[in-house]
Amino acid sequence: MGIQYDKDAGIFQIDTRSTTYLIGIADGKYVGHIYYGKKIGDCRGAQRLMRTGEHPFVPSENLREKCRFMDNFPWEYAGWGTGDYRESSIQVRTMEGYSACELYYDSYEILREKTGLKGLPATFAKEEGTAWTLNIICRDKCIGLKVILSYSIFDDNDGIMRSVRLVNEGDAPLYIDRVLSASWDMDNEAFEMLSLTGAWARERHMTRCPVTYGRHVISSIRGESSHQENPFMALLTPGTDQEKGQVYAMNFIYSGNFLAVAQASQYDSVRMAMGIHPEGFCWKLMPGEDFQAPEVVCVYSDEGLGKMTRTFHDLYREHLIRSPYVHKDRPVLINNWEATYFNFNTEKLVDIAKEAKACGIEMLVMDDGWFGKRNDDNSSLGDWTVNEEKLPGGLKNLVDQVKAQGLKFGIWVEPEMVSPDSDLYRAHPDWAIQIPGRAPGLMRAQLVLDLSRPEVVEYVWESISAVLNSADISYVKWDMNRQLCDLGSACLPPDRQGELMHRYVLGVYELLERLITQFPHLLLENCSGGGGRFDGGMLYYSPQIWCSDDTDAVERLAIQEGTALVYPLSCMGAHVSDCPNHALGRVTPFTTRGHVALAGTFGYELDITKISQADRDEIKEQTKLYHKYHPLVREGDYYRIASWHENHLYDCWQVVSKDRTETLVTYVQVLSQISFRSRRLRLQGLDPRGLYQLEDTDEIYSGEWLMNGGFLVQRPFGDFISRLYHFIKVG
Ligand code: DGJ
């Protein structure tokens, strides 16, 4: 474990628990990527992998062919405009309009700590002396630019965190047109690219494609990390599955526009890179100022996708999610959105609360529609005052009544938005993001507030904190229901309009930072029209994120599989809703809906006063199951056993406790088949020498047998049927 510099060889060696990452300094000035992979004790000779002696020629050997060298060298962070024609990491323009950038090694420092990133979410060490950071300082002296490449690791995890800071050391402003956070060049290994793609209500489906010659891009320019493409990319060697194959993954700790690129180029190398999307981005950096680019988490696995997943899960649970709830049971909640939509009042909510309490539910969440004159989605965002026609006596009266039923209370807000039909917009039309003279495009009849302006951030803070101070509120669902366009800020000068998207994200982070520091008891759930902002940036502030507006148990299998590929189950907002499902009309058994939702933070999204007594009785059982299994689901190691998304028939996942004394297996038969034998499931992650008893039966198996021989599932009769299998170690 640790980071060291071999001065003679010019190699920085970063060792995590089971990986090694090597950076070389060639000719005393070029910062090259040598190796990322399985941990290696003795790396002598490694600098040869930079191939500086080979064709195309090294400029220092024959003083020619610099461009061909630049275009071939395995860069650790790629410049622009001086001969490397591959995807660049950085583009900086001078006042004169010249925009070449060439970075040369200057110096380094190795620290036994990891510091935070100014204004940005980032992973952190829990205790002093448990993290390492390498800062490699590079300069482009022609333009007076210093670039600090940072690499951090934690003693207990295999992830490597990369970020970049730019400092203007010159005496004239510089324009940053592009600044990615991580990049490296590798030999091509017939890689496949894996990403998480989708749409509203169909988020984060696993998608694989071959990395052929050219650029393969995953990105968002929507102002949020997006439903469509998640800021995650992995390159896989051929044949990679859950248990075998090499995986190189990047995940961005950022909630705005991003770019992830895999580029196979002429000499059979592959460049992989990630950072803020350069489209529409331009940041003016004054002399003496610095710019901090967000963090990218890099994970390598030589044991397939499963090990990658568990590395991300452990890293995020221990070093990213700050909330005190991260290791706690969350209250089982009932949310009134699908129960009532905008049509509710105090009486209705209290009726729901009463029935919910009888079934073991612990918190009522009042969703959209409680403020201004909002009876549909056409008005009132920005006017955060209680609608007393619906809630006479205000919020306090409602909350007191809900609490009198024995439930906690949570509330929905959408602070980043403004409705054109609102008092706020009528008073401050210039507070909305829009371009003067161009009619702004509406989405869901709303505009986005210009959070690059401190006075707008201040207004939002004052109004939301007033709501939170007005009653005993335990939980906030922070929603964001549209993406950004018509990018104009009434305040930014012309040559700073390109800063708007990033400044907007910084404004959101500032609000979230204030929220969790001034209301530390709050359980915060992030949401963006379902799962449009399911990213590491949001996880830093909120321990759970609403996964998707699609609550159908079958659709959720693929959504939750893709989400859990990177993000821990402890943060996956999952609820049981009514049938036919409101998003797509499917009818599934109540039990199956419960089993699927038990894979995340558990709750209900239905009118409990109207469902059948049988369903209500089942809720009583499900809430008990949640408390029984949630510590295991929240803290355990996750294994993907089978994927409905791939096989179109059945789904299966498993969570094993860290001490391997118990495991919960969830099996969902999506489609029934006739004339087949029972299905055999091979488990993973158990103690091979342990003995495991299937709960409530006399069946006992060795761990070794369950992982190799497996156990049999008698195929249920019918579609959409699920089973839970709980094995407990008895010897
Ligand atoms: C989108 C969310 O995903 C839903 O759960 C609900 O809160 C609506 N917004 C309310 O407008």
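1. A polar contact, as the term is used in this note, is a pair of N or O atoms within 3.5 Å; within protein, one of the two must be able to donate a hydrogen and the other to accept it, and residues adjacent in sequence count only if both atoms are side-chain atoms. By that criterion R444 contacts the ligand, with a polar side-chain atom placed 2.8 Å from a ligand oxygen atom.

2. The model is a predicted one, in which local features need pLDDT of at least 70 and side-chain atom pairs count only at pLDDT 80 or more, whereas totals for chains, interfaces and linings use all residues. Residues are numbered from 1 along each chain as its sequence is written, and side-chain values use heavy atoms, with hydrogens and water left out.

3. Two further polar contacts to the ligand may be checked: a backbone N or O atom of G530 lies 2.9 Å from an oxygen atom of the ligand, and a polar side-chain atom of N481 lies 3.4 Å from a nitrogen atom of the ligand. Taken alone the ligand exposes 290 Å², of which the protein buries 98% (accessible areas by the Shrake-Rupley method with a 1.4 Å probe; for residues, only the protein chains shown count as cover).

4. Around the ligand there are 13 residues, and D367, D368, K477, D479 and D549 come nearest (a residue is near a molecule or strand if one of its heavy atoms lies within 4 Å of it). By class, this shell has six charged, four nonpolar and three polar residues (Asp, Glu, Lys and Arg count as charged; Ala, Val, Leu, Ile, Met, Phe, Trp, Tyr, Cys and Pro as nonpolar; the others, Gly among them, as polar).

5. Strand β11 (residues 192-197) runs antiparallel to β12 (residues 205-210), to which six bridges join it, and also antiparallel to β14 (residues 229-236), through five bridges. Here strands (E, at least two residues) and helices (H or I, at least four) are DSSP runs numbered from the N terminus, and two strands pair if DSSP finds at least two bridges between them. L196 has M206 as its bridge partner in β12, while E192 has L236 as its partner in β14.

6. Two backbone features deserve a look. Most residues other than glycine have a negative phi, and most peptide bonds are trans. A201, which is not a glycine, has a positive phi of about 65° and is found in the loop between β11 and β12. C579 and P580 are joined by a cis peptide bond, with omega about -5°, and P580 is found in the loop between β29 (572-577) and α12 (590-597).
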